[in-house]
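Me: Pick one part of this model and give it a close look. Then work outwards from there, so I can see how the rest is arranged around it.

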Amino acid sequence: MTGDAILDEFRDAGALLEGHFILSSGLRSPVFLQKMRIFEDPVRTERVCGALGKLIRETFGEVDIVVSPAIGGIIPGYETARALGCKAVFVEREDGEFQLRRSFEIPEGARVVMVEDIVTTGLSSRECIAAIRKHPGTLVGAACLVDRSNGKADVGVPLIALTKLDVPAYPADQLPPELAAIPAIKPGSRAITA
């Protein structure tokens, strides 16, 4: 699946939005990817995550466990693991920090990849990776459907994506006039961190 094809999937699902959006980071952007519009369709989800699984296998080889951050990464993590024929687990916050819970384990020798939906600043990916590193498995890399940073986000391990976008993001006090003229909305689920 090419970068254009993944963007077509977002467009066809009504998941590529244009306007004035407040991102989880607190930054503002004229583009928002409402990934849950992709994940509400099991056939589309299987197609997109199957492509990500193929890219993971081509890049990192065989994988034993996919680890994703809750909540947004659970569906793509599970579906990508299904495409890879491996286990899917997720980290969730406890006392403000990502941790494996629910008796999930990463045993010694397990080859692990972290799967995210969309990477913008890489913060949740870095936090997920920090949780993975507390366990004895081998973290081989990270993967996402869309890298909104266009390769600029450093998650601490090699990061692959089905597509990369160069979408501008601005501090609230440095908006271009055309963006400032549009009322801002916050469509995501995570609380603003800045």
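Reply: Quick bit of vocabulary first: a residue is called buried when its relative accessible area is under 20%, exposed when that figure is over 50%, and partly exposed in between. Keep in mind that this is a predicted model.

The part I'd pick is helix α5, which covers residues 123-132. Which of its residues are buried? Ser 124, Ser 125, Cys 128, Ile 129, Ala 131 and Ile 132 are. Now look down the axis: those residues take up an arc of only 155°, which is why they end up on the same side of α5. The spacing behind this is plain helix geometry: with 3.6 residues a turn, residues three or four places apart point the same way.

So what sits over that side? The cover on the buried residues of α5 includes five strands: β3 (65-69), β4 (87-94), β5 (97-100), β6 (111-119) and β7 (138-147). Let's follow some of these outwards.

Start with β6, because it holds Asp 117, and Asp 117 is buried at 3% relative accessibility. Its C-alpha is 18 Å from that of Ala 131, with the two positions 14 residues apart along the chain. Ala 131, remember, is one of the buried residues of α5. Leaving out residues up to four places away in sequence, Asp 117 has contacts with Lys 35, Phe 39, Gly 72, Gly 73, Pro 76, Cys 144, Leu 145 and Val 146.

Pro 76 in that list leads to the next stop, since Pro 76 is also part of the contact between two other helices, α3 and α4. Helix α3 is residues 42-60 and helix α4 is residues 74-84; their axes come within 8 Å and cross at roughly 60°. The crossing is right-handed. On the α3 side the contact is made by Thr 45, Glu 46, Cys 49, Gly 50, Leu 52, Gly 53, Ile 56 and Arg 57, and on the α4 side by Ile 75, Pro 76, Glu 79, Thr 80, Arg 82, Ala 83 and Leu 84. Sorted by class, that contact has seven nonpolar, four polar and four charged residues.

β3 takes you towards α4 as well: the loop between β3 and α4 holds Ile 71. Take a look at the backbone there, as the peptide bond from Ala 70 to Ile 71 is cis, with omega near 5°.

Two more loops are worth a backbone check. After β5, in the loop that leads to β6, you find Arg 102. Arg 102 has a positive phi, near 60°, although it isn't glycine, and at 56% relative accessibility it counts as exposed. After β7, the loop to β8 (159-164) holds Asn 150. Asn 150 is another non-glycine residue with positive phi, in this case near 55°, and its 33% relative accessibility makes it partly exposed.

For another helix with its buried residues to one side, go to the start of the chain and look at α1, residues 3-12. Its buried residues are Ile 6, Leu 7, Glu 9 and Phe 10. They fall within an arc of 150° seen down the axis, so they line one face of α1. The face turned away from them carries the exposed residues Asp 4 and Asp 12. Gly 14 follows α1 and has a positive phi, near 70°.

Towards the other end, Pro 183 sits in the segment after α6 (177-180). It's exposed, with a relative accessible area of 67%. Pro 183 and His 20 are 163 residues apart in sequence, yet their C-alpha atoms are 6.4 Å apart.

Now zoom out to the whole chain. There are six helices and eight strands, in the order α-β-β-α-α-β-α-β-β-β-α-β-β-α from the N terminus. Of the 194 residues, 46% are buried. Among contacts with a separation of 6 or more, 65% join residues 24 or more positions apart. The C-alpha trace spans about 55 × 35 × 25 Å along its principal axes. The radius of gyration is 16 Å, which agrees with the value near 16 Å for a compact globule of 194 residues.

Note on methods:
Residues are numbered from 1 along each chain as its sequence is written. This is a predicted model: local features need pLDDT of at least 70, side-chain atom pairs count only at pLDDT 80 or more; totals for chains, interfaces and linings use all residues. Side-chain values use heavy atoms; hydrogens and water are left out. Buried means under 20% relative accessible area, exposed over 50%, partly exposed in between (1.4 Å probe, protein chains only). Helices (H or I, at least four residues) and strands (E, at least two) are DSSP runs, numbered from the N terminus. The arc is that of the directions from the helix axis to the C-beta atoms. Contact means heavy atoms within 4.5 Å. Axes are lines fitted to C-alpha atoms, for helices over the stretch in contact, and angles run from 0 to 180 degrees between N-to-C directions. A crossing is left-handed if the near helix is turned anticlockwise from the far one by less than a right angle, and right-handed if clockwise. Ala, Val, Leu, Ile, Met, Phe, Trp, Tyr, Cys and Pro count as nonpolar, Asp, Glu, Lys and Arg as charged, and the others, Gly among them, as polar. The radius of gyration is taken over C-alpha atoms; the globule rule is 2.2 Å times the number of residues to the power 0.38.
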